[in-house]
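Trainee: Please take me closely through one part of this model, and give me the cut-off behind each term as you use it.

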Amino acid sequence: MPDTKGMFTIEGEPQIVADARKKILKEFEDLEFYEEGHQYFLHGQEITLSVSGVGHRFIREPFNESLQAARYAQKHGMTAEYWIQQWKQNSFRATTLGTKTHEYGESLAYLRAGHPELIRDSIKPQYMERYGYLAPIHPKEEAVLKFMDELPDSMHLVLNETKVYSGKNPEQSKNLQELICGTFDMLYYYDGEGDHSKAGFIILDYKTNASLHNDYNKRFHKMLLPPFHNMIEQDICLYTIQLSLYALMLEDIGIPVIDRRIVWLTNDGNYLTISVPDVSATLRTTL
């Protein structure tokens with residue numbers, strides 16, 4: 001096993017995949033993450049700006065919980081405090097489910113890659129070692145299993161759930177002015193199926209939202225702030241910014257990303273893969 005922290009290899013993988021994995025792990029090995037408190041530290045300094053937080057900077061009117069709860073109570077009855085409690089409970093359930101689904105996806109990918117030792121502790125009770133089977137126990141986990149079953153042989157796993165940060169570009173003028181960190185879900189290498197001109201790295205992100213679109217904002221043309229004022233204020237557009245930020249951080253260390261894809265997991269056990277635009281050039285000039 002290579003000496004780089006967290007490094008592993010997959011039997012039969014292209015050398016470019018192993019080289020990219022080692023490079024990413026080495027370049028970002030100084031970024032520390034503490035699950036409790038969800039904190040990132042770089043050389044002892046806490047990084048407070050996350051990739052997901054950047055997207056929310058471009059929302060015109062951040063959600064005002066108290067105001068919206070009061071309006072909701074007036075329309076639907078009960079008190080504002082009641083609705084705030086309901087929203088927090090719903091958010092907790094969604095976040096907990098989302099976390100576990102991501103951990104299942106990470107574990108399943110590593111199991112398929114021949115590394116069952118990388119299955120997350122929270123998922124180990126679902127592992128039937130005798131059969132090499134990681135049982136899904138929720139429709140969104142079934143969607144992950146279906147996605148992995150249908151992943152073509154031309155896609156080679158590089159890394160899952162990997163922490164990265166900005167500021168690594170050798171040309172200082174191309175670095176973002178602020179230090180931003182985050183954890184991407186999946187990075188794969190597409191081998192081009194014999195056509196090397198089409199080969200490259202693809203970053204993917206599982207999403208468990210009930211919906212990626214906001215029909216109300218679309219109907220009333222509620223857009224994000226400049227320079228993204230051509231994008232509707234809705235989750236898929238925020239995720240577009242998010243995935244370009246991850247890609248930007250990888251490209252800064254010489255990992256060229258050819259596509260950014262959302263893997264939307266639905267409640268009926270299915271999934272939809274959506275390619276989103278590259279807005280990294282806009283992010284470089286804005287941030």
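**The sheet, strand by strand**

Mentor: The bridge partner of Ile 262 is Ile 274 in E10, and that pair is a convenient place to start. The model is predicted, so local features need pLDDT of at least 70 and side-chain atom pairs count only at pLDDT 80 or more, while totals for chains, interfaces and linings use all residues. Residues are numbered from 1 along each chain as its sequence is written, and side-chain values use heavy atoms, with hydrogens and water left out.

Strands E9 (residues 257-265) and E10 (residues 271-275) run antiparallel and are joined by 5 bridges; strands here are DSSP runs of E with at least two residues, helices are runs of H or I with at least four, and both are numbered from the N terminus. Two strands count as paired if DSSP finds at least two bridges between them. The hairpin of E9 and E10 has 5 residues between the strands, and in it Gly 269 takes a positive phi near 85°.

On to E8 (residues 200-207): this strand runs parallel to E9, to which 7 bridges join it, and Ile 202 has Asp 259 in E9 as its bridge partner. E9 is largely enclosed by the rest of the structure, because 7 of its 9 residues are buried, where buried means under 20% relative accessible area, exposed over 50%, and partly exposed in between, for a 1.4 Å probe and protein chains only.

E7 (residues 181-190) is mostly covered, with 10 of its 10 residues buried. E7 and E8 run antiparallel with 5 bridges between them, and Leu 187 stands opposite Ile 203 in E8. E6 (residues 155-165) is likewise antiparallel to E7, through 9 bridges, and Val 164 stands opposite Gly 182 in E7.

Taken together, the 5 strands form an open sheet with mixed pairing, in the order E6-E7-E8-E9-E10. E6 and E10 stand at the edges with a single partner strand each, so one side of each is left without a neighbour in the sheet. On average, and with direction ignored, neighbouring strands of this sheet are turned by 30° against each other. Helix H4 packs on the sheet and touches E6, E7, E8 and E9, its direction making about 135° with that of E6; contact means heavy atoms within 4.5 Å, and angles run from 0 to 180 degrees between N-to-C directions, with axes fitted to C-alpha atoms, for helices over the stretch in contact.

H4 (residues 80-112) also packs against H5 (residues 139-149), at an angle of about 30° and with the axes 9 Å apart. That makes H4 roughly parallel to H5, since angles under 35 degrees count as roughly parallel, over 145 as roughly antiparallel, 65 to 115 as roughly perpendicular and the rest as oblique. Among the residues that meet are Leu 97, Tyr 104 and Leu 108 in H4, and Val 144, Leu 145 and Met 148 in H5.
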